[in-house]
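Student: Could you take me closely through a single part of this model and then follow its contacts outward? I would like one connected account, with the cut-offs behind each term.

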Amino acid sequence: MPAELMQNRTQKIWIPRRMKDGRPTLPYHSCGPQLANSPTVIVMVGLPARGKTYISKKLTRYLNWAGVPTKVFNVGEYRREAVKQYSSYEFFRPDNEVAMKVRKQCALAALTDVEVYLKEEGGQIAVFDATNTTRDRRDMILSFVKENGFKVFFIESVCDDPNVIATNIMEVKLSCPDYQGCNANDAMEDFLKRISCYKNSYQPLEPDGYDKDLSFIKVIDVGRQFLVNRVQDHIQSKIVYYLMNIHVQPRTIYLCRHGESEYNIKGRIGGDSGLSSRGKKFAMALSKFLDEQNLKDLKVWTSQLKRTIQTAEALKMPYEQWKALNEIDAGVCEDMTYEEIKEKFPEEYELREQDKYYYRYPSGESYQDLVQRLEPVIMELERQGNVLVVCHQAVMRCLLAYFLDKSADEMPYLKCPLHTVLKLTPVAYGCKVESVFLNVEAVNTHRDRTEEGKKGPSPLMRRNSITPFASPEPLKKPRMGSFDEFSASSSVDASVSMPSEMPTSLSAQNVRELPVL
């Protein structure tokens with residue numbers, strides 16, 4: 001007998017009804033799509049200073065943004081917890097038996113935390129970030145994976161360019177806890193000796209030999225070349241595609257909303273209105289700002305809605321329209337004010353206040369839908385050099401959340417004021433952000449999280465399949481579409497948060513530099 005279905009009012013999706021004590025109990029949404037495959041362990045491979053941690057953190061940020069719960073387990077952090085005071089490269093000598101035992105125990109402790117994360121904490125992907133340069137170590141990981149029924153995918157980073165290695169050491173390694181208070185030259189010398197300790201025993205992955213049956217990708221010389229072997233499922237394919245699109249060349253990404261629109265002034269959402277008089281002034285100010293930036297080969301992207309296109313027209317440079325950059329579709333609530341929505345669709349209004357990320361407008365979209373729609377934009381941004389994206393509030397929040405590693409809970413409340421440009425400069429393990437107000441006043445369209453929203457989501461479910469949304473309204477309004485002793489249980493979360501609030505205004509042409517991630 002088919003199970004009776006109920007519809008989740010927030011997400012507008014059908015799920016089976018389960019009864020407990022005569023009452024329905026329904027699983028609430030997870031952070032993203034539940035993969036049909038087993039959880040996956042991504043295993044990094046490579047000598048020190050080859051960008052493994054950079055890849056680990058960047059890939060984890062992308063997967064979490066895309067709705068796949070992912071966490072990095074950096075064995076180096078476990079080692080620092082076990083050995084409080086780093087002495088020298090001697091610790092990494094292969095003939096240092098005591099240190100070798102400590103290092104192995106640190107790896108086992110990290111794997112224990114991987115198991116807990118994937119089996120008990122709802123994780124879908126764990127990134128095991130370590131050198132893993134020997135077959136013995138990789139075989140140990142393979143045994144762990146097989147025993148727990150996980151899938152495994154290896155990412156090997158290979159680089160022999162001395163300039164790239166030296167730059168990586170200077171930018172990242174010398175500032176790590178191992179070398180705090182150490183002279184830069186001494187630290188560089190010690191780290192190079194540490195690399196030498198690994199080189200003699202390094203056994204690269206062999207696609208035509210010992211490792212021919214493994215699933216992996218070799219990233220050679222920071223993306224100059226790739227070797228892919230036995231990709232087995234969707235998530236591995238997704239990872240390969242992402243890694244083949246990222247690069248480390250210096251570039252700047254500018255995010256801004258369109259100039260103030262007529263609908264912004266009236267407090268209406270969605271629609272396809274044109275710019276207000278102040279919005280047109282912002283477009284001119286944006287053109288002047290870009291001239292002052294003196295950028296080479298700047299690409300400009302807009303949505304297909306009138307207000308972003310009018311803004312880009314003032315720049316007097318080519319631009320590309322992306323339908324994927326259109327504002328979130330408010331469905332039946334298009335062209336309405338929030339007061340009108342509250343009056344006409346009170347239940348929908350309440351549901352959105354309770355869970356803004358997962359809430360889907362009737363016949364429209366949720367922030368979760370928007371993230372999936374914007375994946376191609378993120379991929380192309382990672383491929384490009386200097387880009388200006390002229391978009392909309394919800395879209396800009398989603399893009400900003402990717403670069404600043406913000407959670408789904410924080411995303412819908414990121415402040416993206418009108419007439420302000422956010423200048424993003426990718427750095428080693430994150431992104432530097434500067435906020436520039438272009439000195440043209442505009443209405444404030446930001447809505448803070450309500451007390452109701454702080455309480456968390458409600459388990460309200462739709463009662464039947466007749467009503468397409470919680471409050472009756474038969475038609476969707478069309479959008480005008482013209483444009484030794486150590487803590488074996490310690491798990492690592494090395495992420496650093498950016499402040500969630502952006503300024504609503506700054507003094508003319510004044511730049512506030514935010515902390516580096």
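**A covered strand and what lies beyond**

Tutor: Strand β16, residues 430–437, is mostly covered, with 7 of its 8 residues buried. Buried here means under 20% relative accessible area, exposed means over 50%, and partly exposed is what falls in between (1.4 Å probe, protein chains only). Strands (E, at least two residues) and helices (H or I, at least four) are DSSP runs, numbered from the N terminus. The model is a predicted one, in which local features need pLDDT of at least 70 and side-chain atom pairs count only at pLDDT 80 or more, while totals for chains, interfaces and linings use all residues. Residues are numbered from 1 along each chain as its sequence is written, and side-chain values use heavy atoms, with hydrogens and water left out.

The partner of β16 is strand β15 (residues 420–427), and the two pair in the antiparallel sense over 8 bridges; strands pair if DSSP finds at least two bridges between them. Thr-420 has Phe-437 of β16 as its bridge partner, and β15 and β16 form a hairpin with 2 residues between them. In a regular strand the side chains alternate between the two faces of the sheet. Another antiparallel pairing joins strand β1 (residues 5–8) to strand β2 (residues 13–16) over 4 bridges, with Gln-7 bridged to Trp-14 in β2. The hairpin of β1 and β2 has 4 residues between the strands, and in it Lys-12 takes a positive phi near 60°.

From the strands we can turn to helix α14, which has 12 residues and reaches 16 Å from its first C-alpha to its last, close to the 16 Å expected at 1.5 Å a residue; the expected span is 1.5 Å times one less than the number of residues. Because 12 of the 12 residues of α14 are buried, this helix is largely enclosed by the rest of the structure. Among the buried residues are Arg-397, Cys-398, Tyr-402 and Phe-403. Asp-405, which follows α14, has a positive phi near 60°.

What reaches across to Tyr-402 of this helix? A search of the whole structure finds 14 aromatic pairs, where rings of Phe, Tyr and Trp (its six-membered ring) pair if their centres lie within 6.5 Å, with planes under 30 degrees apart counted as stacked, over 60 as edge-to-face and the rest as tilted. Trp-65 and Tyr-402 form one such pair, edge-to-face, at 5.6 Å centre to centre and 75° between the planes. Trp-65 lies in helix α1 (residues 52–65) and Tyr-402 in helix α14 (residues 393–404), so the pair ties together parts that are 337 residues apart in sequence. Trp-65 counts as buried at 4% relative accessibility, and Tyr-402 is buried as well, with a relative accessible area of 0%. Phe-92 and Tyr-198 form a tilted pair, at 6.0 Å centre to centre and 40° between the planes. This pair links distant parts of the chain, 106 residues apart, with Phe-92 in the loop between α2 (75–82) and α3 (97–120) and Tyr-198 in helix α6 (residues 184–199). Both Phe-92 and Tyr-198 are buried, and they belong to one aromatic cluster with Tyr-86, Phe-91, Tyr-179 and Phe-191.

Tyr-402 also has a charge over its face: Arg-61 lies there, at 4.7 Å from the ring centre. A charge sits over a ring if NZ of Lys or CZ of Arg is within 6 Å of the ring centre and within 35 degrees of the ring normal. The charged end of Arg-447 likewise sits over the ring of Tyr-338, 3.9 Å from its centre.

As for charges that meet each other, the structure holds 29 salt bridges, each a side-chain nitrogen of Lys or Arg within 4 Å of a carboxyl oxygen of Asp or Glu. In helix α6, Glu-189 and Lys-193 are 4 residues apart, so about one helical turn separates them, and their side chains meet in a salt bridge (3.4 Å, N to O). Glu-189 is partly exposed, with a relative accessible area of 42%, and Lys-193 counts as partly exposed at 35%. Glu-77 and Arg-80 also meet in a salt bridge (3.4 Å, N to O); these residues are 3 apart in helix α2, so they too are separated by about one helical turn. Arg-224 and Asp-221 form a salt bridge as well (2.9 Å, N to O), in which Arg-224 is exposed, with a relative accessible area of 57%, whereas Asp-221 counts as partly exposed at 26%. Salt bridges that share partners join Glu-77, Arg-79, Arg-80, Asp-178 and Arg-194 into one network.
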